[in-house]
Every structure is written in structure tokens, then in C-alpha cells.
Amino acid sequence: MTDIATTRPIEADHRAAGRRRGTSGLRRLRNVLCLDDFEAPARRFLPRPIFGYVSGGVETNSARDGNRAAFAEWQFLPRVLVNTRARHQRTTVMGRTYDLPFGFPPMGSTSLAAYRGDSVLAEVAAELNTIMIQSGASLTPMERVRAIGPTAWFQAYLPGEREIIVPLVERAQRAGFDTLVLTVDVQVIANRENNVRSGYGSPLRPTPRLVWDCAVRPRWSFGVFARTVLRHGMPHLENIGFPRMPVMGFSERPGMARDGLSWEHLELMRRMWKGKLVLKGVLSPRDVRIARESGVDGILVSNHGGRQLDYAVSPLRMLPAAVAEAGDMTVMLDGGIRRGTDVLKALALGAKFVFIGRPFLYAAAIAGPAGVRHGASLLKDEISRDMAMLGIDSLDQMNRELLVPARP
Ligand SMILES: Cc1cc2nc3c(=O)[nH]c(=O)nc-3n(C[C@H](O)[C@H](O)[C@H](O)COP(=O)(O)O)c2cc1C
């Protein structure tokens, strides 16, 4: 079991560990001035296979890098002499108001990279009144995360099999989640050569090379892995719909083909699920239209951070067309967002909310809740400054008139 075994508050747990090390983790944050700055200390903290798993994309990394590049295709046309002293970042997503326009997307194995990572992200998200989505490939039972983070959503990975769909949807309902996210862009396991090269696997094989990779990262080995195993037992995939599987060992991962998942299964889920239903990993406007006709409440325009189909178009590029087809559905976006300016560009093109993955996982890994809070505060400050310089005091004033296409 992972952190379901303890009820100790995440914050106290991390502070106690910090005192033992003679640091609250804050020293590591001194040079972190923007979200990209989390990457270098995370590379020094995480064993090579785990850093590679988090940072990598798929095949040539074109989709991952294209996500970043797409933000440079837009520039701002600011307005001046507007009193923006009362500016705020509140935004309403599917009927609920949050204090920030950004949150944390689902990331599998978060609690392998960061001590009690799922709980850390869920707890800080609730404290900041923003959204955290727990991954279906996570190592913490969903009931625990939902109890810690009342603003958490649950993301399901499902095959096209009714016998697996029904119990998992019922379990998420019983756990108290009000929003269920179905990820639809993992029809098959992606060709992540980088994982093979760096020795990452699911499960991780305890080879001499892995032992060496961990030995040269003692802060992670003791502070995350040994601490997790000693206190909570070997982490397992807890929410995937097949028997619990340990994160490290020699067992074969049970195959789970998702290439049979189709709109029919979505209709079944829609009938069963009483709360809000979100599709994650939609890029084509035609799929947006079918989602709307199927009674979906929200879509997350995403190419999985460039980790699934290489050369999949960047979500930002497809955003205006997705918004045009969305009707009453709420449109959200992720992929490559690192700056306040990126958040504001996505909002100007019609997104209601955005998610930021890798930097917040690095933040949780190197400094726990303090790291995540630090990252959120940097981004919030960037957005606030940018809003003043754009001449807006509310995010719903962010529109196309404030953007100009960048010309080469
Ligand atoms: C380490 C890692 C694990 C991920 N695991 C999942 C997952 O379990 N489910 C899912 O829907 N998306 C998963 N994603 C994709 C993210 O939800 C999100 O789409 C992506 O990270 C956004 O891009 P960004 O990292 O550039 O912000 C994962 C991403 C990363 C980096």
C-alpha cells in the first residue's frame, strides 16, 4: 500500500523530513525563478530512468517540442491606461469557481518520482482552490486522494470491456469524485524508445544497472523510494482496473488493450456517471462534435504532452477549431504551458482552464508541497503582471483582440 496506510498530514510529513535533512527543501528552490527552472534540480534528484520517463516524449520528440513552439506563433496586442488594480484570476469550470486558471493534469507514477506525490498535488490543489486530476496509472488508491483533495478529479484508463468499465466507474463514484476524465489517446502503449534506452519499465526491473542509477541518486533512493517502501510498502498501480501490480519487480504487466474502446463505451459511461464527464486527448474538431452530441461536459484538448503519437498536432493550434465545435462544453487545454503568457494565450483562444504537467511533478519531487506551492506562486505572479500589462482585470476579458499572429 502507498500512503493510504497513514493519516499523517502531507505537510507535516515533509516538514519533518526537511528538519532531519537540515533543509525544508526551500534551499533547493532559491534558484527556481520560473517553471522551467525545476527541470535541472529534478534531473540531479531523480534516477536516470525516472527522469527520462517524466521528461521524455515519444520517438523523435517532435510532438512534445511542437507543443512549446506553438506558443511562439502568437504575440500580444496590449491595451494601456486601464485601471487593473482589482484584477483576479478566478475562473468558473463546469459550474464551479476556482481561484486559478491552471491546475495539475493526471500523471502516472507520480508517487514514484515524488514522495506521496499524488497526495501532495491533491492537497496543494485543494489549498489553492484549483484542480488536480489523479491518474488512472497512479500508485495511491483513489479513495485516499479524494479524501485529501476535495478539488481532485479522477482520470480513468479503460479498455473496451464492459466488465472493467462498470466496476471502475462505480468505484470512482463511491469514492466521491464529482468529475470523471476519460483519457482517449492511449489506444496502445506508445513507442517510447527513450524509456528503453534509459532502463525505465512498468514494472521497473531491479537490474544491476537500476541499482547503480539509484545509488548515484541517494536523496531520491532514501527520501522517496526507501521511505515509501518502509512506511507504506511497495507501491502498486491501484486504480487501473486489473489486479494491483507492484511498481518494481519481475512480473509481467497484464496486457490491457484499449484499442477496442469506442464511442459506445463512452455512452455507457455517460449513462452510469452522475457527475461531470470530461474527455482528455481530443484534437480533431470532428471528435469534439461527437463528444458534444454524446453528452460530454468538457474536453481537454491535448496530445498527452507529446508522449503518445509523435507529430500529433499541438493542442494550441487546434484550440480555436475545437472551441467552434464545442457548444456548451467546457474546453480546457494542456501541453507545453510553462509561462503566464502561455496560459493567457490559451485563454484568449478559447480555453477556460489549462493544465501543466512536468514542472509540477519536478516541483513535488524536489521539494514536496513547498515546491508545488512555489511553482504555483511563480505562475500566478506572472499571470497577474501580464494581466496588468495587457489591460485586463478579469480572465474572461482575455480574447482574440489581444493576440496577433507572429510573423517570421
Ligand atoms: C510523467 C507523466 C505521466 C503522465 N501520465 C498520464 C496519465 O496517467 N494519464 C493521462 O491522461 N495523461 C498522462 N500524462 C499526460 C499529462 O496528463 C499531460 O497531458 C501532459 O503532461 C501535459 O504536458 P506538459 O507536461 O508539457 O505540461 C502524463 C504526463 C507525464 C509527464
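Mentor: Helices here are DSSP runs of at least four residues, numbered from the N terminus. This is a predicted model, and its helix H16 spans residues 358-390, with glutamate 382 among them.

Trainee: Is glutamate 382 buried or exposed?

Mentor: Buried means under 20% relative accessible area. Glutamate 382 has 9%, so it counts as buried.

Trainee: What does the side chain of glutamate 382 reach?

Mentor: The backbone nitrogen of glycine 340, at 2.7 Å. Apart from neighbours within four places in sequence, glutamate 382 is in contact with Cys34, Arg338, Arg339 and Gly340.

Trainee: How should I read the side chains of a strand such as E6?

Mentor: In a regular strand, side chains alternate between the two faces of the sheet. In E6, Ala152, Phe154 and Ala156 point one way, while Trp153 and Gln155 point the other way. Strand E6 covers residues 152-156, and 5 of the 5 are buried, so the rest of the structure largely encloses it.

Trainee: Which residues stand opposite phenylalanine 154?

Mentor: On the E5 side, glutamine 134 stands opposite phenylalanine 154. In E7, its bridge partner is leucine 180. E6 pairs in the parallel sense with E5 (residues 132-134) over 3 bridges, and with E7 (residues 179-183), also parallel, over 3 bridges.

Trainee: Through which helix does the chain cross from E5 to E6?

Mentor: Through helix H7, residues 142-148, in a right-handed β-α-β crossover. E6, helix H8 (residues 162-175) and E7 also form a right-handed β-α-β unit.

Trainee: How many residues of helix H3 are buried?

Mentor: In H3, residues 48-55, 7 of 8 are buried, including Phe51 and Tyr53.

Note on methods: Residues are numbered from 1 along each chain as its sequence is written. This is a predicted model: local features need pLDDT of at least 70, side-chain atom pairs count only at pLDDT 80 or more; totals for chains, interfaces and linings use all residues. Side-chain values use heavy atoms; hydrogens and water are left out. Helices (H or I, at least four residues) and strands (E, at least two) are DSSP runs, numbered from the N terminus. Buried means under 20% relative accessible area, exposed over 50%, partly exposed in between (1.4 Å probe, protein chains only). A polar contact is a pair of N or O atoms within 3.5 Å; within protein, one must be able to donate a hydrogen and the other to accept it, and residues adjacent in sequence count only if both atoms are side-chain atoms. Contact means heavy atoms within 4.5 Å. Two strands pair if DSSP finds at least two bridges between them. A crossover is right-handed if, with the strands pointing away from the viewer, the path from the first strand over the helix to the second runs clockwise.
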